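Please read the following note with the sequence and the structure open side by side. The points are numbered so that each may be checked in turn.

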Amino acid sequence: ISDEKKPDKWVFSTCGYCGVGCGLYIGVKDGKAIHTKGNPKHNVNMGTLCPKGLSEHDMLNSPDRITSPLIKKEGVLSASSWDETYTKVADEFKRISKEHGAKAIGVIGTGQLLTEEFYTLGKFVQLGLGTNNYDGNTTLCMASAVMGYKQSLGSDGPVGSYEDFTHADTIFLIGANIADNHPILTLHLNKNKKPNKKVIVIDPRASKTSQMADLFVPIKPRTDLALYNGLAYIIMEQGWEDEGYVKANTNGYKELKKHLQNYPPQEVSNITGIDVKTLYELAREFSAQDAVLSAWTMGVNQSFMGTDTVSAIINLHLLTGQIGREGAGPFSITGQCNAMGTRETGFTSSLPGYRNFGDEAALQEYAALVNVPEEIIPRERGYKYAEIIDAIDRGEIKALWIVATNPLVSFVNQEKLRSTLAKLDLLVVQDAFMSDTAEIADIVFSAATWGEKEGVYTNSERRCNRANKAVEPLGDSKSDFDIILEFSKQFDGVNEMLFNGWEKPIDAFNEWKKVSKGQLCDYSGITYELLEQEGGIQWPCNEERPLGTKRLYSADIAFTTKDAKANLICADWFPMAEPISPAFPALLNTGRTVEQWHTRTKTRSIDILNDLAPEAWVDINPEDADVLKVKSGDRMAVSSARGRVEDVVVRVTQSVRAGNIFIPFHFNTELVNTLTNDSFCPKSGEPNFKQTAIQLHSAEVP
Ligand code: SF4
């Protein structure tokens, strides 16, 4: 770095994009963030960063930033004062609450917030506003993993550590294109020097990740639950279980064995397209190897059978005792930088500290810990994300407050969503960027973003990392923490009851430590100082475990079910939620690319990322390209029963099978969620983004 470009200081922090949680430094000169560099001492990334992390400082001065609160006047969003903006939203919330009940207010949060902010938001929404119709955008990516862990192991919480990628003998990567979506994880995989190491990638699409595999298993789309049931069948048939482990640690063996009679190898081969010999080879790995790791992401979670598919994977680990040991375990990889923090601090699928809504004693304990009346704690979960949208459509929810997420690119069936949001009396968007959703808001709270505020993020391996403030919030924007605290003062007695004396994120963090103490996700031993000193700490961290815990469910951490035994889950595979038809004879798969982040609100003004990935594309098999008479570089259109996407550039590739295409979902110019359907996992509420029946159109074949 030349002298004039040399930062005055480097600020210790953590990447604010994906759930890998890389440690970094933000270089600041004259009050502006001008560089980002990896932290060589950080346990996660050892100094490296992916293209997004390396250019993260650039997003702070994006022309898309919102620099003051905005109120729509005569159809135009116009700058306003904070006082006027808070008052206007509060007046509308109070009116709606009085006329229709507090549950007529819905709130959608995000895994982009810091833990302190998400905890504060959830507390305010549920205990202050009094609505439990509150969910996070994490339901679009992680909810199935949450519910799968809960039904199988008793509690949410990824089991292992990144270190397990280094120690495993066999690593299954299932519906997980880590090379694009969690690139720094590949370092841990490559550090594994075991002579018998085997990487097996199970995916309907050949990706950058499958190029790293020893064995690539191109499974037919959305047949994975049948595969894991079939592998469990073979393990039981061959006596490859760890009998001692099963007896001592699980319930439901007999029931599972009976259930799996519907999944004999030939039947499973017919469903999945994987030959019987390979099925036996895959099943054998679980008993032949000392340590087996199964890591998955959206290919598994984003399914109408997502929760049960997660449990079917966990079944394999429970049957063979491949859990709670170095290199062994089921491992969901999270999407966003603080998806984990949102899961733990709760108020969505559970109350803070993984306390279940139905557990009266736990609710009372929580009320006592935070000194609020028991009766204001919600007894049941409110609507999930998609149910909130449906409730707006029915006219039941009248006001929606969306925090740092952009459903007008990220949610399924865009046309329906847009017409549903138009029915609201009030749409409030809190964001740092003028997103597609912020554009249609009635009122905008202008938020600060990564680098302008402080707190903690927790990554995929339960590692809590420190994120520091490097520069002041742009213009008249404020941290989400400050916005929530100040807004709460508009409601009589709420700030005093919930946030008495709170001024800084540390106040929320200290309460969160108290609330989580003694729970599986115990943060009580963590301090901001310790996080910087150690390069993050994995929960549980407390007096007995002052430097955290590498993996759950080892000898001294029991499952959190009533009898401390895990549940083997009987789950059934069902054919496609939306089958192909003569009108829509092909299947669309959606996903991401390493150079862009989610709906690009943060990355669309970063030149280097846009040079690398300027627009969406469609991957199409050569057979289909021949029929359509298209070649790479041509343009084509794609339609479904819900809409049409025009003018997408073609990439002809063997990476997708004939009759299947892939389009990344990031781009609002080629809005792929115009096509996707609204089918959801009934247990988690997660959308089935990955299979949509579509028709392909080209200039020659319209
Ligand atoms: Fe950030 Fe994820 Fe890239 Fe690491 S891998 S630099 S956390 S986006």
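Why is strand β6 (residues 105-109) largely enclosed by the rest of the structure? The points below begin with this strand and then turn to other strands of what is a predicted model.

1. Burial of β6. Five of the five residues of this strand are buried, so β6 is largely enclosed by the rest of the structure. A residue is counted as buried when 20 or more other C-beta atoms lie within 10 Å of its own. The side chains may be followed in two groups: Gly106 and Ile108 point one way from β6, while Ile105, Val107 and Gly109 point the other way. Residues of both groups are buried.

2. Pairing of β6 with β14. Strand β14 covers residues 399-403 and runs parallel to β6. Four bridges join the two strands. To locate this pairing in the model, the student may begin at Ile105, which stands opposite Ala399 in β14.

3. Pairing of β6 with β7. Strand β6 is also joined to strand β7 (residues 134-136), by three bridges. These two strands run parallel. Here Gly109 of β6 stands opposite Gly136 of β7.

4. The unit that contains β6 and β7. Helix α3, formed by residues 115-129, belongs with these two strands to a β-α-β unit. The unit made by β6, α3 and β7 is right-handed.

5. The hairpin of β4 and β5. Strand β4 (residues 70-73) and strand β5 (residues 76-79) run antiparallel and are joined by four bridges. Leu70 has Ala79 in β5 as its bridge partner. Two residues lie between the strands of this hairpin. In the turn, Glu74 has a positive phi of about 50°.

6. A further partner of β4. Two bridges join β4 to strand β16, which spans residues 443-446. The strands β4 and β16 run antiparallel. The bridge partner of Ile71 in β16 is Ile443.

7. The barrel. Where should the student look for a closed arrangement of strands? Six strands close into a barrel, and their order is β21-β25-β22-β24-β23-β26. The pairing within this barrel is mixed. From one strand to the next, the twist averages 45°.

8. One pair within the barrel. Strand β23 (residues 635-639) and strand β24 (residues 644-652) run antiparallel, with four bridges joining them. Met636 stands opposite Val648 in β24. Both strands appear in the barrel order given above.

Key. Residues numbered from 1 in each chain as written. Predicted model: local features only at pLDDT ≥ 70, side-chain atom pairs only at ≥ 80, totals over all residues. Buried ≥ 20, exposed ≤ 12 C-beta atoms within 10 Å, placed from the backbone. Pairing = 2+ DSSP bridges. Right-handed = clockwise from strand over helix to strand, strands pointing away. Axes fitted to C-alpha atoms, helices over the stretch in contact; angles between N-to-C directions.
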